[in-house]
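Work through the following exercises with the sequence and the model side by side. Try each task before you read its solution.

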Amino acid sequence: MTYQHSQYYEDASIASVLADVARAHRILEIEGHADMSMGHLSYRDPFGRGLWLKRGNLALSEVEGDDFILIDFDGNVLEGTGLRHLEWPLHAEIMKARPDVNFVGHSHPHFATVLGASTEELKPYNNHGIWFAYEGVPRFAETCHIITTVPLGVAAAKALGNAQALLLANHGVAFVGKTVPEVTLAGIFLEKAARFQVDLKASGFTPIEPDPEEAKEKFDRIYPPKAQHNFWTFFNRRLDRVEALQGIGISQISLPPGV
Ligand SMILES: [Zn+2]
């Protein structure tokens, strides 16, 4: 796509990051995170004003670079127009609790939500699950509700701890990253790992339990920054091929052969 940043972004570097965050939304739609107009990512404002949050009433597949509003950590809209998602406290409180996190995602991917609706612990049964080898994926089960209040946001951030992702019981997931590739891969790998585990357990086969220490070593081996960049560019190439065929805004994509 040809991205032109909106006039209300005073800093071109913010516009350029938001263009990538918009692409992350559209990639996640293809990777199993589609759920009507629900789901959103945010970007910590580099000037300390708060966070840039995707505006409401748009599917992940429809998000472009100027579809973000700037809110402060109390939820006040500082820049941009459009609906503020109800679950803004989830983003704000995670960013307040995690200074290392610049990007927060929230969505309702099917298989990770299946896992979250159970007591099953996500394990590194395949390469995608290895992404979470160090901290695991905790579960926030204090409520089945959406995270629309500051106390719920605080509690969810506490449940996340130092992890890269959180299962929200009977609801969806949250995932975080220092960079756009990191948050995107966390979201993609969470859903792929959950799908693998659901299939494995449904098969009736006896799972082989991976050694936790070896799983951490494997993470270091297969997901260094260079590999993360490589995977991010792969997902972008595929997004370009899909959008060249179908345009932006296709909600349910069945990829033709070779794409
Ligand atoms: Zn939600």
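**Exercise 1.** Which spacing do the donors of the zinc ion follow along the chain?

Solution. Begin by remembering that this is a predicted model. The protein donors of the zinc ion are Glu87 (OE), His106 (NE2), His108 (NE2) and His171 (NE2), which lie 2.1 to 2.3 Å from the ion. Reading these donors along the chain gives the spacing E-x18-H-x1-H-x62-H. The pair His108 and His171 links distant parts of the chain, 63 residues apart, since His108 sits in the loop between strand E5 (103–107) and helix H3 (110–116), while His171 sits in the loop between E7 and strand E8 (172–177).

**Exercise 2.** Decide why the arrangement of the four donor atoms around the zinc ion is irregular.

Solution. The four donor atoms subtend angles of 83 to 147 degrees around the zinc ion. A tetrahedral arrangement would need all angles to lie between 85 and 135 degrees, and the range of 83 to 147 degrees therefore makes this arrangement irregular.

**Exercise 3.** Are His108 and His171 buried or exposed?

Solution. Buried means under 20% relative accessible area. His108 has 14% and is therefore buried, and His171, with 9%, is buried as well.

**Exercise 4.** Find which strands stand at the edges of the sheet.

Solution. Eight strands form an open, mixed sheet in the order E4-E3-E2-E1-E5-E8-E7-E6. Strand E4 (77–79) and strand E6 (139–140) each have a single partner strand, so one side of each is left without a neighbour in the sheet. E6 pairs with strand E7 (residues 165–168) in the parallel sense over two bridges, and Phe140 stands opposite Leu168 in E7.

Key. Residues are numbered from 1 along each chain as its sequence is written. This is a predicted model: local features need pLDDT of at least 70, side-chain atom pairs count only at pLDDT 80 or more; totals for chains, interfaces and linings use all residues. Side-chain values use heavy atoms; hydrogens and water are left out. Two strands pair if DSSP finds at least two bridges between them. Helices (H or I, at least four residues) and strands (E, at least two) are DSSP runs, numbered from the N terminus. Donors are N, O and S atoms within 2.8 Å of the metal (3.2 Å for Na, K and Ca); water is not among the atoms, so sites may look incomplete. Four donors count as tetrahedral if all angles lie between 85 and 135 degrees; four count as square planar and six as octahedral if opposite donors are over 155 degrees apart and all others between 65 and 115; anything else is irregular. Buried means under 20% relative accessible area, exposed over 50%, partly exposed in between (1.4 Å probe, protein chains only).
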